[in-house]
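Colleague: Got a minute? I have this structure open and would like to go through it with you.

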Amino acid sequence: MINLLIMGKPGAGKGTQAKKILDYFNLTHISTGDIYREEIRKNTKIGQEAKKYLDQGNLVPDKMTNDIVWEVLKHKKYPNGFMLDGYPRTITQAKALDEMLAMLNIKLTAVINVDVDDDIISDRMSGRRVCSNCGHTYHLEYHPPQILGICDICGHKLIQRPDDLKESVLNRLHIYKEKTQPLLDYYDNKNLLLVIDGENASEEVFQDILDKLGGL
Ligand code: ADP
Ligand code: ZN
């Protein structure tokens with residue numbers, strides 16, 4: 001069993017690396033951002049509550065997020081292990097996660113931090129587009145669709161996620177620094193942290209992750 005956390009600023013390329021790692025090790029993906037977006041799409045009670053926070057780039061309250069993660073973890077449906085993506089994002093969440101894992105008698109293998117400088121972040125985020133129908137992501141510069149504004153896969157319109165708009169991105173970066181960055185020390189103190197240079201091409205970043213995991 002391999003149980004990973006993947007961390008990184010918004011726009012660090014965490015999603016791309018998460019996908020590669022998941023495929024490689026056949027892990028179960030637990031992404032709180034995806035869970036919230038799905039609840040919003042289905043217009044559930046949780047979705048209606050969460051939308052207020054997501055659209056502004058604010059964090060959903062810890063209690064709600066912890067409950068959602070516990071609901072997923074407790075069923076133990078991750079035969080090869082899991083990758084938590086976008087969780088924990090606060091020290092309170094990290095402590096809650098420690099308790100959940102202790103309860104289930106599960107250990108974290110490593111915490112991967114995809115590290116990228118701030119100026120690169122805003123550049124990457126402003127070009128990000130997502131399919132309004134299937135959710136596939138593109139980048140105007142680094143990964144453009146074949147026809148401008150149209151999804152290659154399903155032909156629907158590409159949009160900017162509300163939380164990718166400039167104000168919201170700056171807000172997310174600010175929150176990251178204040179709330180999430182302290183987790184790096186938290187996991188470094190537990191000897192779990194792997195720092196990966198996220199400014200290289202994504203294939204190299206992935207290779208670096210495999211190398212560092214192999215060295216554990
Ligand atoms: P990003 O694109 O920055 O990696 P995610 O897709 O992980 O962001 O999450 C999108 C939004 O969902 C966050 O900005 C926040 O509003 C909400 N969210 C996701 N995970 C959490 C969490 N662990 N705690 C609180 N809010 C969360
Ligand atoms: Zn699509």
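Modeller: We can take the ligand, a pocket, a sheet and two backbone oddities in turn. Keep in mind that this is a predicted model.

Colleague: Fine. How many residues surround ligand 1, and which are the closest?

Modeller: There are 18 residues around ligand 1, and the closest are Thr-32, Asn-58, Gly-86, Gln-93 and Arg-172.

Colleague: What lies 2.6 Å from an oxygen atom of ligand 1?

Modeller: That is an N or O atom in the side chain of Arg-172. Two other contacts go to nitrogen atoms of the ligand. A polar side-chain atom of Gln-93 is 2.8 Å from a nitrogen atom of ligand 1. For Gly-86, a backbone N or O atom lies 2.9 Å from a nitrogen atom of ligand 1.

Colleague: And how much of what ligand 1 exposes when taken alone does the protein bury?

Modeller: Ligand 1 alone exposes 560 Å², and 95% of that is buried by the protein.

Colleague: Which helix gives the most to the shell around ligand 1?

Modeller: Helix 2, residues 32-41, gives the most, with 4 residues. By class, the shell around ligand 1 holds 6 nonpolar, 6 polar and 6 charged residues.

Colleague: Change of topic. How much space lies in the second largest pocket?

Modeller: About 180 Å³. Its lining includes Asp-98, Leu-101, Ala-102, Tyr-187 and Lys-190.

Colleague: Which helix gives the most to that lining?

Modeller: Helix 5, residues 91-104, with 3 residues. The lining of the second largest pocket divides into 6 nonpolar, 1 polar and 3 charged residues.

Colleague: Now the open sheet. In what order do its 3 strands come?

Modeller: The order is 6-5-7, and the pairing is antiparallel. Strand 6 (137-139) and strand 7 (158-159) are the edge strands, each pairing on one side only.

Colleague: How many bridges join strand 5 to strand 6?

Modeller: Strand 5, residues 128-131, is joined to strand 6 by 3 bridges. Arg-129 stands opposite Tyr-138 of strand 6.

Colleague: You mentioned backbone oddities. Is the peptide bond from Tyr-87 to Pro-88 cis or trans?

Modeller: It is cis, with omega near -5°. Pro-88 sits in the loop between strand 3 (82-85) and helix 5.

Colleague: Why point that out? Most peptide bonds are what?

Modeller: Most peptide bonds are trans, and most residues other than glycine have a negative phi. The second oddity concerns phi. Asn-26 is not a glycine, yet its phi is positive, at about 55°.

Colleague: Where is Asn-26 found?

Modeller: Asn-26 is in the loop between helix 1 (14-25) and strand 2 (28-31).

Terms used
Residues are numbered from 1 along each chain as its sequence is written. Chains are lettered from A and ligands numbered from 1 in the order in which they are written. This is a predicted model: local features need pLDDT of at least 70, side-chain atom pairs count only at pLDDT 80 or more; totals for chains, interfaces and linings use all residues. Side-chain values use heavy atoms; hydrogens and water are left out. A residue is near a molecule or strand if one of its heavy atoms lies within 4 Å of it. A polar contact is a pair of N or O atoms within 3.5 Å; within protein, one must be able to donate a hydrogen and the other to accept it, and residues adjacent in sequence count only if both atoms are side-chain atoms. Accessible areas come from the Shrake-Rupley method with a 1.4 Å probe; for residues, only the protein chains shown count as cover. Helices (H or I, at least four residues) and strands (E, at least two) are DSSP runs, numbered from the N terminus. Ala, Val, Leu, Ile, Met, Phe, Trp, Tyr, Cys and Pro count as nonpolar, Asp, Glu, Lys and Arg as charged, and the others, Gly among them, as polar. On a 1 Å grid over the protein atoms alone, a cavity is a set of points where a 1.4 Å probe fits but cannot get out, and a pocket is an open set with protein on both sides within 12 Å along at least five of seven lines; lining residues have an atom within 4 Å of a point. Grid points are joined across faces, edges and corners, and a volume is the space filled by probe spheres set on the points. Two strands pair if DSSP finds at least two bridges between them.
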